[in-house]
Amino acid sequence: MVVDIAGFQVADWVALVPSLILGVTAMLLFIVDSIEPRPGTSSNTVLAGLSTLGALGAFLVAGYFLVLGVGQPRGTGAVDLFNGQLVVDGMSLFFVVIVGSVTALVTLASYDYLEGQEYQAEYYGLVIMAATGMSLMASANSLATIFVSLELSSLPSYALVAFLKKNRGSVEGGLKYLLVGALSSSVLVYGISLVYAASGSLQLNAVADALAGGSSVPVGILGVGIIMVLLGFAFKTASVPFHFWAPEAYEGAPAPVSAFLSSASKAAGFVVAFRVFLTAFPEVGGLAGGDPMVDWVTAVTVLAVVTMTVGNFAAATQEKVKRMLAYSSVGHAGYALIGLAALNAPDQGFVLGASMMHLLVYGFMNTGAFLFIALTEHWGIGRTFQDFNGLSTQAPLACAAMTVFLFSLAGLPIGGGFISKLYLLAATAQAGSWLLGAALIVNSALSLFYYSRVVKAMWIEDPSADLEVDSYPSSLYAAVVIAAFVTFALLPAFGLLSPSAFDAASVLFG
Amino acid sequence: MAGAFDFVPAIAALPLLAFVVSLFAGQYMPKRGAEAGILATAGSLVLSIWTALTVAGITGSATSYNENLYTWVAGVADGAVTLRLGVLVDPLTALMLVIVSLIALLVHVFSLGYMNDEGETGLPRYYAGLGLFTASMLAFVFSNNLLMAFMFFELVGLCSYLLIGFWFREDGPPSAAKKAFLVTRFGDYFFLIGVVGVFATFGTGLFAPITEGGTVVAESFPQMAEHALEDGESFFGYSAQTWITILGMLVLGGVVGKSAQFPLHTWLPDAMEGPTPVSALIHAATMVAAGVYLVARMYGFYLLSPTALAVIALIGGFTALFAATMGVVKQELKQVLAYSTISQYGYMMLALGSGGYVAAVFHLTTHAIFKALLFLGAGSVIIAMHHNENMWDMGGLKDRMPVTYWTFLSGSLALAGIVPFAGFWSKDEVLFEALIHGFGSTGTLGTMFLVAYAMGLLAVFFTGFYTFRMVYLTFHGDARTDVARDPEPVGWNVKGPLSVLGIGAATVGLINMKPIADLTGLHIDFLHKWLLGPEEGGWPALTSTGLHHYEELMHNVAGIDPAYPLGETTTLLVSALVSLSLALAGVLVARSLYNEPEPVEHTDKLGGAKTLLMHNYYQDEYQVWLAQGVTVPLARAADKFDQGVVDGVVNGISSVSLFTGSRFRRIQSGVVTNYAALMTLSLVLLLVVFVVLGGGV
Amino acid sequence: MSNPWIAIGALALVALAIPLSMMAVSSLLRPSVPEQGKRAVYESGEVPTGDTRIKFNIQYYMVALLFVVFDIETVLIFPWTVIYQDAVANVGLAEALVPMLAFIGILVIGLGWAWRNGAVKWVRSPRAQAQRVEQ
């Protein structure tokens, strides 16, 4: 099979290069760690550099492919690989961009964060392996590959959360993550098996074809399967009710890992959910017109509203900043679910595109916020809101960046989060789903309350006497500032990127 | 070619520039900013005269002008309200511009004597205030729409606050300033609602339609109201007639406040705490005139509502009489003048209400001249008396300050309405119009006019009395104090403006000697012709603010018609004679009581009435009671409501949020088996709801 | 016509009833003579030592994991070898061989890394060392 990329006739697997880059990087990391003179003495610089380069490479190639039109109607059209087990299209490349950029930021920041820690090579290896899994999730087009790639991203994540072996919170979070993850995976795989039972196929397009038949479909089995699959993805995206792992895992994990999981992993979970539900189950959900067999759109609406509400309300009462961010991450999962919930709108591509853009912006602002937490952990200042008092006197640049992140997360027009939330609101308005719109507004308003608590602490409160910032780790700083810059730049540049999201989304709706 | 109309905005811009210059550079100037003000107002005067000449058709072909200059809020949708700033020039505007800039110039010059020579401090602030005051009033005068008028109306109010409270270190002025501001503001609330109402109803606030090449491109709201009335439309569930009345009354709220009409007149006597030149400016040309001018400006709208007209006439007549009686017992020079102002503006309102448009404008003009004169004369006396304003401490100043005396006498004769001084002609016309329209109009409206006329007529007597009581006490008899025996001399900058105005007060009435015109058949009623415009075409057709149009409306809509119970000429003469003889009677009574070397207070003879009058009919008292007994408890209740209910709801929401948050938080128990249980339970729940109940099985 | 499930249900009841009744009867008839040999845990004739619930050394799991890795490998390699000839004939040597080499290569890298980092080296824990010395 041959595809035409920018005038070159190349083998079709070339479209998968961004994911391959990540995979090869992971292998290289293991090789590097295997050939050093004594076990466990690999150079942090080499490892971090290699990981960052790999992630950056995946990001750049995916972005370049997007520009070239690979996988998109104006270029090659969707590239089917391995009999439709994997597919490279606009949406997969878009999410590889998100995963790649977040991974690059995280590995860059980890260079300083891991200073003096054991098992650095394992850390980077796991991060890149997970990133590989996430990028494959973006391309997975069959329930089997979806499950495998999902596990490829999950298993390293469990280990990463528990990376700080001597830290009780880290180990506890990792264990809970593992247990909840095991339960969720079993729910997911059970759901997959039921869908297979109902449709006789694992490949998503084949599933859709089988289910289009109508009367002969065993709706009961299919319904149970779909709901279970939905909840399996809810685990990956940290949506209610499978969000329980998130607060503890994010809080306990090393902050760069929290950033990685809450941004990239969530985005990957969403792309899988988008693809499965829009490729395999559109007719089942009644999107093609007619009564839905299984009303998963309403189920997602319920999950979206509950997720937003639980995430934001719980975040409002936290005392620790990191845990607050963890809950806010749950809340944002609810916002992103609007992309699947508000599909009654006439322009479905717009709805899904808005959700994708929100995930892109969220990738930067949320990663940045967690990396700022990494910075504070590096400095050894406490975790509560009070511990941040007067931090701006010591680190004005980082605090300014954090302010950009938080206000953008809240949806103020200081970063791209404003426009993406606006688009989501417009999407709910288009769909006439006042419940979603009202939930979005109410929760955003509430979120401003707890985000501004951090800002208030940093800028307005007086610093406590012993607040002392002694070092300014350059790579962590660089990662935070880059994230802040991109978050801010996405405000004016939003219009540059949104067309590719809308195009990529529209394709799924035929 | 750039005609006069292109420079109209500069008429207001010049004083505004003076305001900036005085404010920032005033302290570096030898006269502390007065130079800028004098130059600017002189420039404004020149431009105003040029504008007036253009309107008269002498220096150009176009005799009116109405353009939008600047759009500051553009309505996007079709039919959306667009807010603009623009200029409307017609004869009324031109006349008012000349009056305002003339008075402003004279007040600036006079201030040199009253403020600079007395060694006051803070003069840049003073001249800046005067500049802004003048600029606001001028811009108000040439506003072409209601909202712009409102903005400058408010600015005028602000400036009066700043200037009345100029001596802010003393006790009286700040409180007087506050009172002036708050009382006029009370009226302005209604005005603002009226403005919003007009915009909401008609979508425009234009006073006059804008035309381009003979076709109307933007209609004015009085015209639209007229059409609505003809077509029998209804607004917001009210008939057009009722709704126009409501809007008219709302706007009238602002007028009553600004023009110090009953019951919102109480601020004006207190405003005497400000520097006397400011009082002259406020009373003669700017602030107080703004209210009456506004009614004249949108007269085409008020004529559509007979009810509003009757209310205006009654308020006017009552205020005229009411204020005149209070002026009778006042002891301080400026207080007398203050009540006379209220009373005289009552006459103008009476004229407007009873269909005497020309009479009202005429009286506005003459009053501006002679009231400015009287205030400046009073200022001169006050300089001489070392800022003692009590008339019982004066006396015999006639010989010691002749210029002041003779000019003041001219102004007093004008105020009292003695032929042939200005006030006679205008006041006579006001009363005459009220009389004939009272007889001519049918039903209640005519009766109302006659009642108002009777009050106005009675006030003539009191006016004559208190005016000459003031003159005799101040200038005649023997000097009663040492200061009065040896008053401080005043300079040219006081005498100059006085002379100009003194001559004006004697002669300005000549512009519209209607009785003479009617008797002799000579066409010397210039003002009437000025406001009438040509019979066909010309500016009245363009702007629909001409007298022809108003007379039509009066006849057709309001049902106001003249009638002459004794024949036209006889009625005219009788009316003039009655008012003149009443005025003379007032003068003679004053003369018999107070023209003696050692006058004594005769007010005690009034008994209980004296107390009543001295306390201004307890107007202040009842308003204070209203404020303290009604408003404060109301405000408390509102505060309770705000604190209890509104804040309570807000606080409640936030505490409910936080409470819910803490409940949600509690779900996260930390025990992983609970999580698994909850996850499984919710899975089951979803399955039940969406698969079993959803009809899946 | 009666339901065939009734017969099955009856059979199940009988199947339960026979052993239960036999156990009940024997427990009523037999004499009860408890002794230690009867109560001891049966451990293939050996004398039992220690508790049944003991901790295995974590290194067993490492080996087990590595075993699983290669076990799954064979699951993939085995069918591949079976169809290898046909595959080469159909899609050519490269298409048939390279993916398997890549697959094995990845596993080799993993194994090499694990080996290098001491996953298969049996480490004696200090505590176990100490216990041995005491004995």
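**A guided reading of a three-chain model**

Just after helix α8 of chain A, Ala238(A) takes a positive phi of about 55°. Helices (H or I, at least four residues) and strands (E, at least two) are here DSSP runs, numbered from the N terminus. Residues are numbered from 1 along each chain as its sequence is written, while chains are lettered from A and ligands numbered from 1 in the order in which they are written. The structure is a predicted model, in which local features need pLDDT of at least 70 and side-chain atom pairs count only at pLDDT 80 or more, whereas totals for chains, interfaces and linings use all residues.

The helix that precedes Ala238(A) deserves attention. Helix α8(A) runs over residues 219-237. The expected span of a helix is 1.5 Å times one less than its number of residues. For the 19 residues of α8(A) this gives 27 Å, and the end C-alpha atoms are 26 Å apart, which agrees. A residue counts as buried if 20 or more other C-beta atoms, placed from the backbone, lie within 10 Å of its own, as exposed if 12 or fewer do, and as partly exposed in between. Because 17 of its 19 residues are buried, α8(A) is largely enclosed by the rest of the structure.

One partner of this helix is α10(A), which covers residues 255-280. Two packed helices are described by the angle between their axes and the distance between the axes. Axes are lines fitted to C-alpha atoms, for helices over the stretch in contact, and angles run from 0 to 180 degrees between N-to-C directions. The axes of α8(A) and α10(A) are 7 Å apart, and the helices pack at an angle of about 160°. The two helices are therefore roughly antiparallel; angles over 145 degrees receive that description, those under 35 count as roughly parallel, those from 65 to 115 as roughly perpendicular, and the rest as oblique.

Two residues are in contact if their C-beta atoms, placed from the backbone, lie within 7 Å. From α8(A), Val229(A), Phe233(A), Lys236(A) and Thr237(A) take part in the contact with α10(A). They meet a set of residues in α10(A) that includes Ser265(A), Gly269(A), Val272(A) and Val276(A). By class, this contact has seven nonpolar, three polar and two charged residues. Here Ala, Val, Leu, Ile, Met, Phe, Trp, Tyr, Cys and Pro count as nonpolar, Asp, Glu, Lys and Arg as charged, and the others, Gly among them, as polar.

Phe277(A) also belongs to α10(A). It is buried, with 24 other C-beta atoms within 10 Å. Setting aside residues up to four places away in sequence, Phe277(A) touches Gly285(A), Trp296(A) and Leu340(A). Phe277(A) and Ile226(A) are separated by 51 residues in sequence and by 8.8 Å in space, C-alpha to C-alpha.

Chain A as a whole comprises 17 helices and four strands. Of its 510 residues, 64% count as buried. Among its contacts with a separation of 6 or more, 78% join residues 24 or more positions apart. The average pLDDT of chain A is 89, with 99% of the residues at 70 or above; pLDDT is the predictor's confidence in each residue, from 0 to 100. Among the elements of chain A, helix α5 (residues 143-161) has the highest mean pLDDT, 94, and strand β1 (residues 2-5) the lowest, 78.

Chain B has 29 helices and six strands, and 57% of its 697 residues count as buried. Its helices α1 (residues 8-25) and α2 (residues 34-55) have axes that come within 9 Å and cross at roughly 180°. This makes α1(B) roughly antiparallel to α2(B). Among the residues that make the contact are Ile11(B), Leu14(B) and Ala18(B) of α1(B), together with Ala40(B), Ser44(B) and Leu47(B) of α2(B). The contact has eleven nonpolar, seven polar and no charged residues.

The interfaces with chain A complete the picture. Towards chain B, 24 residues of chain A are in contact with 22 residues of chain B. The elements of chain B that give two or more residues to this side are α28 (619-667) and α29 (672-692), and α29(B) gives the most, with eleven residues. The chain B side divides into 13 nonpolar, eight polar and one charged residues. Chain C, for its part, places eight residues in contact with six residues of chain A; on the chain C side, three are nonpolar, four polar and one charged.

Chain C has a mean pLDDT of 82, and 88% of its residues reach 70 or more. Among its elements, helix α1 (residues 4-29) has the highest mean pLDDT, 92, and helix α5 (residues 126-134) the lowest, 64. The model scores ipTM 0.85 and pTM 0.59.
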